[in-house]
Amino acid sequence: MSYRFARTVLFAACLLSPAAGVAADLVPVEAFAHHPLLSMPRLSPNGEYLAVNMNDADGDSHALVIYKIDDMKQPVSMLRLPKYELAAGITWVSNTRLVVEKGKQYGSIDKPQLTGEVIATDLDGKHQDYLYGFEGSYGTRAATRGTDRGWGFVDGVPTPVNGHFYMATQSWSNTDSSTLYDVDAVKNSRHLIGEIGIGGLSFMVGANGQAHYAYGRDDNWRYVVYHQQAGGWAPMGAAQIGHSFTPIFFTPDQQRIYASYSADGGPTMLVEQDENGGNRKVLANDSFGSIGNIEWTALPYQPFATAPDTGVPTLNYIDANSMAAKLHHALSMKFPGSYLHFVNFSEDGSKLLFSVSSDRDPGAYFLIDTHHYKVIKLFATSPWIDPAKMAERRPMHFKASDGMDLEAILTIPNGVKMANLPMVLLPHGGPIGVEDDWSYDNDAQFLANRGYLVLQVNYRGSSGRGVNFMEAGYLKWGTRIQQDLTDGVKWAIAEKYADPQRVCVYGGSFGGYAAMMTTIRAPGMFKCAVGYAGIYDLAMMYKKGDIKADKSGRSYLNTVIGKDDADLAANSPDKLADKIDVPVLLIHGEDDKRAPFAQAKAMRAALDAAHKPYEWLSKPGEGHGFYDEKNTIEFYTALQTFIAKHIGAGTTP
């Protein structure tokens, strides 16, 4: 086997490492356009091998690479995947065998989308097999798997590992059913262990190999939880699950479970309880943000620390005297200002893979021998990013115009006082169930490095604060959400952080929609607007794009934007282009499936008809956000040029 690809990537990592002694703080555009070279590492059960995703230098070709921990320079094996495909899920099912969930990524804004295909390989690259997916004519069971027309997902593994895993499936021909199999990844055999007449659900399996819970959003976008009882599946009511409930793991004695729970729809807490919801004990909670960061011990899994989804992630130890908590605390002291996350242990607990990241640092991965406390740095995800040249990201709170307490995150240019700065409002995408957080943000760091204060607002509809806060964004895309964003700008101006005469707005996906809508809802507030891969015609979402492709997607649209034609038009930027009073830059990939190119063309036509000034950048072959690094460099260059044209150059120390 040739390892030219792997060697080229590792050589590139060396070339792109920040050079010592470079005085200039302006980081080249290219550094923000590079894709991470290595990502999503997983330690083998015996702690001897590491499986990791590897990108080539151009970022559009991927491989699953296996390294022996003792020799990270020479891979043991490499499984190449077709262009734009990658290992979206990596699961060790034994010391020598892995299961891979295939995914595709067509754009930089998109997260990898699972294709529903599941494959297996030995760590040496041999005995590759196709376990599930629409290409059922391949693999050792091709003769009997022609009916595997659907999606398959890894839904857990037995502990300790035994070569098996649990696979949830959703048939294309029967979307009203979810099934769960125990799969032997070596023999490529499976047997049914769970089935329920509702599509799209996940399962939680106990040590007995039986499904105990089925949960998720049904085809009508309603969140449901079912519990397996002697007579079959039974829905769990509000008295058992409150307003929000997600089962996580069984306790070590298998008598109780850990779960995410909220009684009233507020921020979720981590609880321990009986299976039926009785004898609930709160392990961690926060009055403002949901408990979203949970640290787990080695087998048998127990949570030992948590942090809220909001603010700077400061861990609270459930049992500060536990060995895991003491180890975590000791390691964290070596990395001040960073968040240290336990990725996974070897099964015997003697080896631990952990990551270290911060608002300024995309992150690095380390291995520690927990017997001898020897730490080895394995790799940095983006070694060309110098944290010393990146900016502080500061979470803060402000009051919206109706009194709601909201979170803002300000990214502050290095070396300058946060006073009267030129500012860019950067709304996140989604908008439902997505949030901005304290961690490294490429767009925010790029703009801050150019001297602009960056404001991000977790408006109503965002995740991180409970289901009530998220649902408060339903049917409010063009109204309350936009008010939250402009309230954030008013707050930053009132606090004298931002110069009111030098404010622009830029966003991608829903953020592109918000970039247009905020200028419409708050005339005179902004000097320019940039829409990147945006949605501009809400009614078009029912006709074009991948969201409408299945019943669940259509139910989502009904729930979050509604179907009233007049209301959709009243909240669509392309129908309100005459109210846009600032220069506009539209950027779009011509092969975007999430926000089709027709969306950008509709906005352009509306600006033309209204005789409004705009600039335009589109690229063939690009999806939801530019993926090709050359195109990304052009995009970032156009972005900084456009903003500087309308609010001047950024502030320098």
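**Exercise 1.** Which residue in S25 does Leu340 stand opposite?

*Solution.* Begin with the ground rules: this is a predicted model, in which local features need pLDDT of at least 70, side-chain atom pairs count only at pLDDT 80 or more, and totals for chains, interfaces and linings use all residues. Residues are numbered from 1 along each chain as its sequence is written, and side-chain values use heavy atoms, leaving out hydrogens and water. Next, find strand S25 at residues 351-357; six bridges join S24 to S25, and the two run antiparallel. (Strands are DSSP runs of E with at least two residues, helices are runs of H or I with at least four, and both are numbered from the N terminus; two strands pair if DSSP finds at least two bridges between them.) The partner of Leu340 in S25 is Val356.

**Exercise 2.** Work out the order of the four-strand sheet and find its edges.

*Solution.* First, trace the open sheet: its order is S24-S25-S26-S27, with antiparallel pairing. Then look at S24 (339-345) and S27 (374-380): each has a single partner strand, so one side of each is left without a neighbour in the sheet.

**Exercise 3.** Decide how well helix H8 is covered, and by what.

*Solution.* Locate H8 at residues 510-521. Now count: 11 of its 12 residues are buried, where buried means under 20% relative accessible area, with a 1.4 Å probe and protein chains only. Among them are Phe510, Tyr513 and Ile520. Finally, see what covers these buried residues: the elements include helix H7 (480-494), strand S32 (498-508) and helix H11 (597-609), with contact meaning heavy atoms within 4.5 Å.

Technical notes: The expected span of a helix is 1.5 Å times one less than its number of residues. Buried means under 20% relative accessible area, exposed over 50%, partly exposed in between (1.4 Å probe, protein chains only).
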